[in-house]
Amino acid sequence: MAHDHSEIGHSHSHDNQWKAYLPVIGSFLLLILGIGFEQTEMGFFKYPVDLIWYIVAYLLVGLKVNYQALKEIRNGNIFSEFFLMSIATIGAFFIGEYSEGVAVMLFYAVGELFQDAAVQRAQRSIKALLDIRPDTVTVIRNGEPVVVNPSEVTIGEIIQMKPGEKVALDGELISETASFNTAALTGESKPDTKIKGEAVLAGMINLQTLIDVKVTALFRDSKLSRILEMVQEATARKSKTQLFISRFAKIYTPIVVFLAIAIVSLPYLFVENYVFSDWLYRGLVFLVISCPCALVISIPLGYFGGIGLASRNGILFKGSNYLDVMTKTDVVVMDKTGTLTKGIFEVQEVVSVIDQKELLLLTAALESKSTHPIANAIVRYSGGSYKNAAVSEVEEIAGHGLEGIVEGRKVLAGNLKLLKKYNVTYDKAIEARIETIVVVAIDEVYAGYFVIADELKEDAKEAISSLHALNVQTVMLSGDKQSIVDKVAKELGIDTAFGNLLPENKVEKVQELKNQGKTIVFVGDGVNDAPVVALADAGMAMGGLGSDATIETADVVIQNDQPGKIPASIKIGKVTRRIVMQNISLAFGVKVFVLILGAGGLATLWEAVFADVGVALLAILNAVRIQRMKI
């Protein structure tokens, strides 16, 4: 029962939208005048003038619908809503109820225009992101600034942004420092300051000075372009409710047509003074009422509104089916680093058995080959002293750390499990330390350790409280030591926390919860958590703008790293579900009531129009309400 929007005028641009109203206005004026002539018994307004008058009024709004009905029949879909509207209105003409036939089609056309406006509004809300992709960019070529289309810029070129200009492509800041407005990407209004070497993303707005950025991704590969693609695909991915309604309409419509035929024909066998035109009228009323427009239109629109509301709040759903998952969530399982903590580690202390400079140089040289936040902390702390060191044969041992050859010496850097694996003896007093530590062995001899600390995100505690208020259980999984994990869990009020986990242990923990029949949302950084994301009912990624893999693996992407968006996404799911259910109840309730009246001859085509188009309009207005809500 999907609308072919292109045929019924759902795809016209905003500029010529007014043209769609002209046939409706024309038909409405002819209808009102016609009814006026009838009521005042104008002498000229008799057969065939009245018939021709109403046919013109009808064709203005009905021609496209009749054409679409024929097209659907040719494609094998006989019982479409277009068929229902065509047969009911032509039937009205057949029994001499010209004005009612025009009215039914006119109100149907008005309903279509309302739907069109609502869909376009939802699309504008979702695709507001498109407006933040600039059409031009200034690129430095042969020392001169040249203005080109962003798609013509290649990786490695330098682009320049004046204050107030939008960044067109992902890149790395070459200028010493810059301040950006990232509201369009993250929903955050406070400026984000970047320093030389940090990543700058398409869609950010340069706030203060002229800056240079070295391009690191083509226009089509920018995070923003991929997020836009993802949002557009999301509107096509249907929820179970939408799929059910589509299947339901395919079964429901033929049943309704046959019931209408029965209403017209069966009384002939039982009713004494059977008048065909009276019973045909009842059958037509029954057909018009039963058209499932309100359901077919308002349910996808409700989910569309939910996705739009989420995207305005910096949350991207990859499909409306995940909005449904949010409503059933029992447990939110979270990674610690980068999800609840900032993931920005700093070296707090260095304890060294050998010369400290030598320890720092060898460790930083090895860690420079890793992208792990802890490795980055040691590299930053070294101040670049390692840059000339020769590093080879680097191997990452999952859940343990790194090993490699630096300056001809074998270096191990990681947790205590790594040292145990290589049977390196160390000072047992280290085991009592609660903080994160990176222990180092050189040529399989213990050489010292680095104490690293991470900071909790500002809204992490509030996010956990909000989840508890929604009756959602919270679980934290981490590769960190149990002592650190327990400390963070206690501080935030998390229900259960597990430390010392390898990626496969995280999968086991989530599987245990699934075996208990729980609906699970997993929140992580989406890179090394891909197996857990796949296992959970919905995988949510923090900092989707920071990681390519995140956008690919997660079902929901939180754009600004805030844990507070986790309960917000559950609330959005619940709001969407509530409005969709209201629409289903409203549509069914009114239809069943008027169907009974229609079959009993107590409802005219005017009531039928209200039961169909009126309910559709109410449902559309209810669905549009979602986008205005504050979460």
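A residue is taken as buried when its relative accessible area is under 20%. In this predicted model, Y54 has a relative accessibility of 0% and therefore counts as buried. F45 is also buried, because its relative accessible area is 7%. The rings of F45 and Y54 form an edge-to-face aromatic pair, with 5.9 Å between the centres and 80° between the planes.

A second edge-to-face pair is formed by Y58 and F93, at 5.3 Å centre to centre and with 65° between the planes. Y58 belongs to helix α2 (residues 49-74) and F93 to helix α3 (residues 81-94), so this pair ties together parts of the chain that are 35 residues apart in sequence. Both Y58 and F93 are buried. The four residues named so far belong to a cluster in which ring pairs link F37, F44, F45, W53, Y54, Y58, F93 and Y98. The count of aromatic pairs in the structure comes to ten.

Rings also take part in contacts with charged groups. The charged end of K428 is placed over the ring of Y426, at 4.4 Å from the ring centre. In a contact of this kind between K509 and F498, the charged end of the lysine sits over the phenylalanine ring, 4.1 Å from its centre.

Twelve salt bridges are present in the structure. One of them joins the side chains of E176 and K196, with an N to O distance of 3.8 Å. E176 is found in the loop between β4 (171-173) and β5 (177-181), and K196 in the loop between β6 (192-195) and β7 (199-200); the pair therefore ties together parts that are 20 residues apart in sequence. E176 counts as exposed because its relative accessibility is 58%, and the cut-off for exposed is over 50%.

Another salt bridge is made by the side chains of E346 and R380, at 3.5 Å from N to O. This pair links distant parts of the chain, with E346 in strand β12 (residues 346-352) and R380 in helix α13 (residues 373-382), 34 residues apart. E346, at 37% relative accessibility, counts as partly exposed. R380 is likewise partly exposed, with a relative accessible area of 45%.

The side chains of D443 and R409 meet in a further salt bridge, for which the N to O distance is 3.5 Å. D443 lies in the loop between β16 (436-442) and β17 (445-453), whereas R409 is in strand β15 (residues 409-414), so the contact ties together parts that are 34 residues apart in sequence. Partly exposed is the class assigned to D443, whose relative accessible area is 41%, and to R409, whose relative accessibility is 29%. D443 and R409 are also members of a network of salt bridges that includes E358.

The geometry of helix α20 (residues 565-599) was compared with expectation. The helix has 35 residues, and at 1.5 Å a residue it should span 51 Å. The expected span is 1.5 Å times one less than the number of residues. The C-alpha atoms at the ends of α20 are 50 Å apart, which agrees with the expected value. Helix α20 is followed by G601, which has a positive phi, near 80°.

How values were computed
Residues numbered from 1 in each chain as written. Predicted model: local features only at pLDDT ≥ 70, side-chain atom pairs only at ≥ 80, totals over all residues. Heavy atoms only, no water. Salt bridge = Lys/Arg side-chain N within 4 Å of Asp/Glu carboxyl O. Helix = DSSP H or I, 4+ residues; strand = E, 2+ residues; numbered from the N terminus. Buried < 20%, exposed > 50% of the residue type's maximum accessible area, 1.4 Å probe, protein only. Phe/Tyr/Trp six-rings, centres within 6.5 Å; stacked < 30°, edge-to-face > 60°. Lys NZ or Arg CZ within 6 Å of the ring centre and 35° of its normal.
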